[in-house]
Amino acid sequence: MTTPTSDRPLALVTGASSGIGYELAAQFVEHDFDLIIAAEDEGIEVAAEKLRRDGGPRIWSVRVDLAREQGVTELVAAVTATGRPLDALGLNAGRGAGGAFVGDTDLADELEIVDLNVRSTVHLAKRLLPGMVERGTGRVFFTSSIAATMPGPFQAVYNASKSFVQSFAEALRNELKDTGVTVTSLMPGSTDTEFFDRADMEDAAPLRSRDLALSVATNGTKYR
């Protein structure tokens, strides 16, 4: 994935095939960032085509399953292959599962939530943040959730995973406060994205709105 020298900064957004991740990616393009977007589904290529424009920033799509360690490794390798520093990092990939912990949900699904929402977030941050700190500049965005602030009956593991993400983001923000690297945690409420379909929770979000996905992404990129 080598690329000619570019004066544009470079951003990475995970979970960017749709929803908040896509809108966050669109905001980076609007602000003239070259962009790497990643997701596990084939929609990531479609998203890349939608984001591209003549004479605009370069867009790379990487199809990887970040719930697997190999997927994280492949994504880090794709970033490294550009030969360029990473200026912004949007750790947005995540999933949920609805139902009672005892009796309704599968253990494999619950563990995949932990692997994607928690493990991959830590893994990517550990691999990509040191370069930003070394250069003394960078922006990191975590997609947390209002769910991080409360227990979540019938989505117990999801809420717990977002509590982890929120705590992790706040701790890093404190640790990095004098490094030139900023940390922003996005905490949306119910948002009309594919999240609810994938979690088999289509009727669980009466207040969700696609406009909120755009609002969350737009407001998040205002932090410097």
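The following exchange asks how several labels applied to this predicted model follow from its computed values.

User: Why is Ser161 called buried?

Analyst: Ser161 has a relative accessibility of 3%, and buried means under 20% relative accessible area, so Ser161 counts as buried. Its place is in helix H5, residues 156-175.

User: What makes the side chain of Ser161 a partner in a polar contact with the backbone oxygen of Tyr158?

Analyst: A polar atom of the Ser161 side chain lies 2.6 Å from the backbone oxygen of Tyr158, and the cut-off for a pair of N or O atoms in such a contact is within 3.5 Å. Leaving aside neighbours within four places in sequence, Ser161 is also in contact with Ile113, Asn117 and Val118.

User: Why are H4 and H5 called roughly parallel?

Analyst: Helix H4, residues 107-135, packs against H5 at an angle of about 15°, with the axes 8 Å apart. Angles under 35 degrees count as roughly parallel, and therefore H4 is roughly parallel to H5. The crossing in which H4 passes H5 is right-handed. Residues of H4 that make the contact include Ile113, Asn117 and Val118, while those of H5 include Tyr158, Ser161 and Phe164. By class, this contact of H4 with H5 has 12 nonpolar, three polar and two charged residues.

User: Why is Asp32 called partly exposed, whereas Phe154 is called exposed?

Analyst: The relative accessible area of Asp32 is 35%, and partly exposed covers the range between under 20% and over 50%, so Asp32 is partly exposed. For Phe154 the relative accessible area is 57%, and exposed means over 50%, so Phe154 is exposed. Asp32 is placed in the loop between helix H1 (19-30) and strand E2 (34-39), and Phe154 is found in the loop between strand E5 (138-143) and H5.

User: What makes the phi of Asp32 and the phi of Phe154 worth a remark?

Analyst: Most residues other than glycine have a negative phi. Asp32, however, has a phi near 65°, a positive value in a residue other than glycine, and Phe154, also a residue other than glycine, has a positive phi near 70°.

User: How do these elements fit into the chain, and how many helices and strands does the chain have?

Analyst: The secondary structure comes to seven helices and six strands, and from the N terminus on the elements run β-α-β-α-β-α-β-α-β-α-β-α-α. Buried residues make up 50% of the 224 residues in the chain, and among contacts between residues at least 6 apart in sequence, 67% join residues at least 24 apart.

Definitions and conventions. Residues numbered from 1 in each chain as written. Predicted model: local features only at pLDDT ≥ 70, side-chain atom pairs only at ≥ 80, totals over all residues. Heavy atoms only, no water. Helix = DSSP H or I, 4+ residues; strand = E, 2+ residues; numbered from the N terminus. Buried < 20%, exposed > 50% of the residue type's maximum accessible area, 1.4 Å probe, protein only. Polar contact = N/O pair within 3.5 Å; in protein donor to acceptor, adjacent residues only side chain to side chain. Contact = heavy atoms within 4.5 Å. Axes fitted to C-alpha atoms, helices over the stretch in contact; angles between N-to-C directions. Parallel < 35°, antiparallel > 145°, perpendicular 65-115°, else oblique. Left-handed = near helix turned anticlockwise from the far one by under 90°. Nonpolar A, V, L, I, M, F, W, Y, C, P; charged D, E, K, R; others polar.
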